[in-house]
Amino acid sequence: MLMRHLYNDVGGNILLALVLASALIVPTCNLLFPDDSIFHVSTYTVTVLGKYLCFALLALALDLVWGYCGILSLGHGAFFALGGYAMGMYLMRQIGSRGVYGNVDLPDFMVFLNWSELPWYWMGFDHFWLAMSMVLLVPGTLAYVFGWLAFRSRVTGVYLSIITQALTYALMLAFFRNEMGFGGNNGLTDFKDILGFDLLSDNTRAALFVLSASALGGAYIGCRAIVNSRLGKVVIALRDAESRVRSIGYRVESYKLWIFTFSAVLAGIAGALYVPQVGIINPGEFQPLNSIEYVIWVAVGGRGTLYGAVLGAVLVNYAKTSFTAILPEVWLFALGGLFVLVTLFLPRGVVGLIRRKGGGT
Amino acid sequence: MRPWRDRTGVFETLDYDHVTIDTSHGPMLYMEDITVSFDGFKALNNLTLTIDDGELRCIIGPNGAGKTTMMDVITGKTRPDSGTVFLGQTLDLLKMSETQISRVGIGRKFQKPTVFENLEVRENLALAMKGPRSVWRALVIKLTGDQRDTIDDVLNTIGLTAQSLNLAGGLSHGQKQWLEIGMLLVQQPRLLLVDEPVAGMTHAETERTAELLTQLAGERSVVVIEHDMEFVRSIARTVTVLHEGSVLAEGSMSEVQQNPRVVEVYLGD
Ligand SMILES: Nc1ncnc2c1ncn2[C@@H]1O[C@H](COP(=O)(O)OP(=O)(O)OP(=O)(O)O)[C@@H](O)[C@H]1O
Ligand SMILES: [Mg+2]
């Protein structure tokens with residue numbers, strides 16, 4: 001049964017092939033071909049593509065909860081941002097005495113606030129592995145606690161979407177405050193290096209790109225395995241007929257909870273890979289609007305297919321990059337319009353369109 | 001409001017998946033003097049009824065006679081004010097919870113079919129199969145050879161072998177009803193309760209359902225509630241007529257039809 005599913009996932013297999021190919025080709029073209037060669041890919045492009053990969057991973061995570069489990073999370077930006085902050089804290093500590101104030105222990109913004117010592121929750125973030133475990137643990141724990149409360153009280157549908165939105169909004173307000181100790185509205189930035197490698201060097205950029213591609217590919221394979229397992233079938237069933245699933249003896253709440261938590265962890269990983277590539281993380285990432293935008297990516301690509309979400313994230317972000325270069329003020333309108341059009345005419349997204357054109361399944 | 005009674009604590013140590021139903025010296029199901037009242041109105045009034053092992057029984061009766069309420073009592077959904085309900089000789093259903101009753105081997109098909117439309121027919125059956133229900137087991141669990149065989153058998157019985165890899169959403173109304181019966185069958189019930197199975201079915205589907213239910217009896221007991229008289233005539237060996245919460249008549253279809261009290265109830269309706 002499993003082999004049949006893998007074989008049938010044509011879109012997914014194409015996606016994996018593309019991700020693998022880009023992981024090999026993009027860094028090669030960037031590092032091995034001289035600037036004037038037509039095969040040269042600029043470091044700027046590498047970074048932009050790396051960002052897309054992180055967004056694609058985030059969209060994949062969102063599709064798992066929304067497309068398969070029916071939980072429309074409008075708060076996935078929070079998990080993404082928390083993963084990003086955990087990585088940012090590590091990168092902050094790596095700056096050491098190279099900051100403006102030259103303080104070995106305290107990041108610049110803390111010196112600026114006249115703090116004399118590191119708050120307890122910053123302890124240990126100079127250790128890479130501790131910071132990386134926080135990338136997984138913080139979004140995961142938040143999602144677990146939040147989900148436990150919400151699903152146990154049988155909060156569903158619009159109400160659930162609204163409280164996820166409230167969650168990310170509350171976090172945004174909290175992270176804006178200087179006293180929180182996360183750099184206030186400036187966030188965390190001016191990073192220097194990661195594990196001793198210069199963040200501005202081409203090699204480090206290429207390595208981050210390859211890591212992002214691997215994370216996306218790995219997560220895709222993981223999500224596909226989940227979706228094709230009995231667990232995935234239960235989740236699809238409960239999306240469509242929750243009480244029936246309960247009546248045949250499954251504890252619907254635990255299924256939702258674990259899918260939600262796993263998805264939040266993936267979003268956290270995406271955030272952690274994103275931050276070193278863009279060089280900053282600030283409370284803007286918690287904006288409710290961002291989380292809505294992520295949902296639009298998935299809707300545009302086609303929910304409930306996994307690869308559709310990836311496609312949607314890349315397409316919309318490519319459009320965004322192009323648009324904002326020419327007509328920045330129009331972007332939000334274009335995005336809103338796109339969402340309306342897709343909802344009205346392409347309920348199954350671009351993937352649905354391709355499938356219809358191709359006459360395939 | 002009727003007082004809430006906790007039945008779940010009883011028999012806690014029993015493994016309900018593997019309880020044997022003792023029918024060696026008696027019926028499969030035994031209901032005696034069951035009374036259920038809703039705000040003073042008696043939906044069931046001293047109802048006494050027995051169903052034998054392997055029997056196919058049809059329950060008919062005018063609207064509001066208490067047929068569905070009777071099934072609610074058997075499955076533990078509604079608790080009677082008085083009376084006894086036994087499955088086999090040993091299992092007191094009034095002391096068991098709804099889940100326990102379903103696990104001990106009573107399957108119930110509701111009127112409106114609910115199948116999982118976005119899953120394959122096979123997957124619908126696999127999901128309904130007895131077995132572990134935890135998230136972690138669900139991640140790794142695979143069907144055993146025996147389970148596959150059970151599914152194949154059930155597919156064959158419900159006539160959906162050719163559709164086994166189709167999405168359930170694409171099935172016709174009748175096929176969905178059969179699939180839902182299949183989802184009960186994979187749980188290997190000893191007693192199957194079916195409420196108005198042929199409502200909304202085409203003529204051909206109705207005939208096919210009659211065949212199916214006849215075939216299912218024997219290995220297990222089947223109780224069917226139905227209004228469609230032609231259908232009842234085509235399957236029934238014994239018919240029970242309910243009226244105002246108690247048994248009005250019982251016997252073969254022709255006996256029942258000639259019973260003057262039954263005629264009166266149906267004509268006066
Ligand atoms: N939960 C309830 N609260 C109050 N009255 C109820 C309840 N359930 C059933 N009744 C009443 O009990 C009576 C018997 O209902 P029941 O559904 O068992 O009838 P039925 O024989 O299945 O009828 P039908 O052929 O219409 O399905 C009806 O008068 C109904 O209104
Ligand atoms: Mg009824």
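**Reading helices and a chain contact**

Modeller: Let's begin with helix H6 of chain B in this predicted model. Its buried residues are B:Gly174, B:Gln175, B:Lys176, B:Gln177, B:Trp178, B:Leu179, B:Glu180, B:Ile181, B:Gly182, B:Met183, B:Leu184 and B:Leu185.

Biologist: Is H6(B) largely enclosed or open, and why?

Modeller: Count the buried residues along the helix. Here 12 of the 13 are buried, so H6(B) is largely enclosed by the rest of the structure. Among the elements of chain B covering its buried residues are strand S6 (106–109), helix H5 (145–158) and helix H7 (203–216).

Biologist: What span should H6(B) have?

Modeller: At 1.5 Å a residue, the 13 residues from 173 to 185 should span 18 Å, and the end C-alpha atoms lie 19 Å apart, which agrees.

Biologist: Now chain A: at what angle do H3(A) and H13(A) pack?

Modeller: Helix H3 (residues 43–68) and helix H13 (residues 307–326) of chain A pack at about 135 degrees, their axes 8 Å apart. That angle makes H3(A) oblique to H13(A). Their crossing is right-handed.

Biologist: Which residues meet there?

Modeller: From H3(A) they include A:Tyr52, A:Phe55 and A:Asp63, and from H13(A) they include A:Val310, A:Gly312 and A:Asn317. By type, this contact divides into 11 nonpolar, 3 polar and 1 charged.

Biologist: How many residues does each chain give to the contact between A and B?

Modeller: Chain A gives 18 residues and chain B gives 14. On the chain A side, helices H9 (230–240) and H11 (252–278) each supply at least two residues. H9(A) gives the most, with 7 residues. The chain A side divides into 10 nonpolar, 3 polar and 5 charged residues.

Conventions:
Residues numbered from 1 in each chain as written. Chains lettered and ligands numbered in written order. Predicted model: local features only at pLDDT ≥ 70, side-chain atom pairs only at ≥ 80, totals over all residues. Contact = placed C-beta atoms within 7 Å. Helix = DSSP H or I, 4+ residues; strand = E, 2+ residues; numbered from the N terminus. Nonpolar A, V, L, I, M, F, W, Y, C, P; charged D, E, K, R; others polar. Axes fitted to C-alpha atoms, helices over the stretch in contact; angles between N-to-C directions. Parallel < 35°, antiparallel > 145°, perpendicular 65-115°, else oblique. Left-handed = near helix turned anticlockwise from the far one by under 90°. Expected span 1.5 Å × (residues − 1). Buried ≥ 20, exposed ≤ 12 C-beta atoms within 10 Å, placed from the backbone.
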